[in-house]
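Student: Could we go through this structure together, one question at a time?

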Amino acid sequence: MVENILEKLFKSTGSDNCSHQKPKEIPAFSASMTNAKVLGATEILQFDKVWTNNGKDYDQNTGIFKAPFKGVYQFSFTVMSSNGKKLRVFLWHNGNRLVGVYPGIGYNEGTANIVLNLKKGDRVYVKCGGSDHGYIHTANGYWYSMFSGYLIHATK
């Protein structure tokens with residue numbers, strides 16, 4: 001019975017009665033930071049080692065993901081604080097601060113995950129938070145700090 005249900009869920013019939021635009025490739029990205037950095041109080045983090053960037057919607061030069069379709073998206077980020085230094089960062093959506101992490105002082109990691117309803121052109125990024133600098137730790141080849149996102153489902 002379970003096999004029949006799964007087969008029906010995953011079977012493509014060629015017509016699913018959906019009138020919204022479907023992506024040819026599922027927008028998805030995953031990127032890491034290659035070098036430790038002292039972040040400005042409101043600096044957007046640039047995850048410059050790109051592992052995956054289907055659709056090229058994540059810009060490694062700015063650290064910003066721009067939604068190519070209206071839909072439901074999942075995002076996550078992990079950051080590591082430097083030894084003896086503090087770090088506080090947040091996920092932002094079009095200039096609005098959402099979830100954040102404060103890993104504390106010294107080689108601690110923090111992770112946040114969130115599902116968002118986005119419109120085409122919406123921007124999502126990770127930005128240092130607070131009135132002080134942040135100290136992010138990572139090392140080329142270790143990839144302690146990273147940012148990922150993908151489209152779960154396109155909507156009308």
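**Reading the predicted model**

Tutor: Lysine 37 counts as partly exposed (between 20% and 50% relative accessible area, with a 1.4 Å probe and protein chains only; under 20% is buried and over 50% exposed), because its relative accessibility is 32%. This is a predicted model, in which local features need pLDDT of at least 70 and side-chain atom pairs count only at pLDDT 80 or more, while totals for chains, interfaces and linings use all residues. Residues are numbered from 1 along each chain as its sequence is written, and side-chain values use heavy atoms, leaving out hydrogens and water.

Student: With which residue does lysine 37 form a salt bridge?

Tutor: A salt bridge is a side-chain nitrogen of Lys or Arg within 4 Å of a carboxyl oxygen of Asp or Glu, and a search of the whole structure finds 1. In the bridge of lysine 37 the closest N and O atoms are 2.5 Å apart. The partner is partly exposed, because its relative accessibility is 23%, and it is glutamate 43.

Student: How many residues does the largest nonpolar core have?

Tutor: A nonpolar core is a set of buried Ala, Val, Leu, Ile, Met, Phe, Trp, Tyr and Cys residues joined through side-chain atoms within 4.5 Å. In the largest one, the residues with the most contacts inside it are Leu45, Phe75, Phe77, Leu91 and Phe147. Strands (DSSP runs of E, at least two residues, numbered from the N terminus) that each supply at least two residues of this core include β1 (28–32), β6 (71–80) and β12. The core has 29 residues.

Student: Is isoleucine 105 buried or exposed?

Tutor: Isoleucine 105 is found in strand β8, residues 96–105. Leaving aside residues up to four places away in sequence, isoleucine 105 touches Ser81, Ser82, Gly84, Lys85 and Lys86, where contact means heavy atoms within 4.5 Å. Because its relative accessible area is 52%, isoleucine 105 is exposed.

Student: Over which residues is the pLDDT below 50?

Tutor: The mean pLDDT (the predictor's confidence in each residue, from 0 to 100) of the chain is 86, and 85% of its residues reach 70 or more. The stretch below 50 has 2 contacts in the model beyond near neighbours in sequence. Where pLDDT is low, the predicted coordinates should not be read in detail. The stretch is residues 8–19.

Definitions and conventions: Helix = DSSP H or I, 4+ residues; strand = E, 2+ residues; numbered from the N terminus.
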